[in-house]
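Visitor: I'd like a close look at a single part of this model, please. Could you walk me through it, one piece after another?

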Amino acid sequence: MTNYIVPQNVAISDSGFLFQPATGESYTLNEIGKLIFKMLQSNSSGEQIIEKVCEEYDAEAKSVERDLEDFITQLKHYSLLKLS
Amino acid sequence: MADKKRYERPVINKHYSGLMNKFGSRPTTAPKTEIDGVPVNDLVKQFGSPLYVFSEKQIRNNQRNALRIFKTRYPKVQFAWSYKTNYLNAICNIFHQEGSWAEVVSEFEYDKARKLGIKGEHIIFNGPDKSREALLKAIKEKAKIHIDHFDELYDIIELTQETNLKAQVAIRVNLDVGVYPKWDRFGFNYENGEATQALKRIMMNKNLQLIGLHTHIGTYMMTAEAYRIAASKLASLARFLKDEYDTIVNYIDMGGGFASHNTLIGQYLPAEEVVPSMEQFAEAIASGLYELNFKVDEMPTLILETGRALIDDTGYIISTVLANKRLSTGRRALVIDAGVNLLFTGFWYKHSINPAQDSGVNIEDTTIFGPLCMNIDVIRETINFPSLKKGDRVVIDYTGAYNNTQWMQFINMRPNVVMVMEDSTVELIRKSENLDYMLNREILPDKLK
């Protein structure tokens, strides 16, 4: 996870609205999606993200890890994560 | 420590401009947590997953409703349960308890009906495949034999000569009702005079007693008018018999083929909005038959072999999520433990599928695959579906017709089938198969041991 970074200038609002100026595309994230994306922006590691989510939400680390993998796959698909 | 917030998987949805759906988005999927008052999770705990579930109440309602609809439009109505649609004994017996006869299309189905205690005279024997042995049995037991082709007619003539028994026969007629495809592979054609020819041949033989006329114009018919045309053409044959031979047929059998509320793949609007109602089918058939202009006591009984429209919405498949996947296109996919081996109708219907537990509000365009290691195993190509996790359950609706007869023993064995009874108890009506069951019919030659 540390190999990926969020491209510069990607903006995300408090309501979860995300804008990528390089492509002009916009997205909506749910609350957890927003939390994770912000952590990725500040270069948090996968472990840190899982720990944080489990701290705030009623979730098991195992299922958060699985969902995080899927979420990252999607972000990569939308080019919202790139190789560092 | 304060209560933690409810977890929901992270979701990102891309905005698409200029591609608004004029019908709006689908309302949030309501979970289907129970079937006829019995919790889905309890059913799975007791009987496993995947699981077929039938509703006794719904079957009886459908049959009573259909009978009422036809009886308010035509004086004499008799239903015959179409075995091929679902021939599980428990299902057949509900229909028989409701007064339906049996409509069978093979010797196997015929024997099944007899084993359930249905008298030969209450069995309609249809179909192009009737062996001489089967025909002889049917003749002896006074079943109603619906002749499909001339070769069968000659077989019956021979058998009745050999045994000096009388056969109760009707002919199946195929006719042009203006819909495509024309089902002209079954029975005798009306337009080219073949049907009249067959009737003449029957009337000449003293061992054959012509008791009815039969047609079945197709399946999943989306127009009621076709039935009016068919009924009116059969009525004209009945009039021909009365005028030429002073014979009044006991019944006119209009077959089945009424569409159910499942939406076909490729159909734009949901089935509920486009298929005619049972009332419209009944109205069309009755108005066609009234062209007979017979006296009231001479009016033939109307026989209906409705299958799909009576059973489809009474059956469900409960299935469990095996895996979540992301396809190469970024599209979400769900793998569940019920595939096309159990949901044969998935090849032509867009079955409605609902989660069996609260699954949040985030829906995503998803493909639902079955568990088979085969590319064809797709339950829904595209469906707006909430995020489910491994082990969650889904309920597939309207699976009652054809899935318990066309199911495949392919890669996996067939699971349990249960019925939720009117008193809310649950009965196992077919046990899941096991390896012993599978190996029972196999023979391994000594040379290969």
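Guide: Happy to; we will look at a sheet shared by two chains and then at the helix beside it in the sequence list. Please keep in mind that this is a predicted model. The sheet is open and has four strands, in the order E2(A)-E3(A)-E4(A)-E2(B), with antiparallel pairing. Strand E2 (11-12) of chain A and strand E2 (12-14) of chain B stand at the edges, and each has a single partner strand, so one side of each is left without a neighbour in the sheet. Further in, strand E3 (residues 17-20) of chain A runs antiparallel to strand E4 (residues 25-29) of chain A, and four bridges join this pair. If you want a spot to centre your view on, take A:Leu18, which stands opposite A:Tyr27 in E4(A).

Now turn to helix H1, residues 31-41 of chain A. Its buried residues are A:Ile32, A:Gly33, A:Lys34, A:Ile36, A:Phe37 and A:Leu40. You may enjoy seeing some familiar strands again here: the cover over the buried residues of H1(A) includes E2 and E4 of chain A, along with E2 of chain B. Also part of that cover are helix H2 (46-56), strand E5 (57-58) and helix H3 (61-77), which belong to chain A. To finish, follow the backbone past the helix: H1(A) is followed by A:Asn43, and the phi of A:Asn43 is positive, near 60°.

How values were computed. Residues numbered from 1 in each chain as written. Chains lettered and ligands numbered in written order. Predicted model: local features only at pLDDT ≥ 70, side-chain atom pairs only at ≥ 80, totals over all residues. Pairing = 2+ DSSP bridges. Helix = DSSP H or I, 4+ residues; strand = E, 2+ residues; numbered from the N terminus. Buried ≥ 20, exposed ≤ 12 C-beta atoms within 10 Å, placed from the backbone. Contact = placed C-beta atoms within 7 Å.
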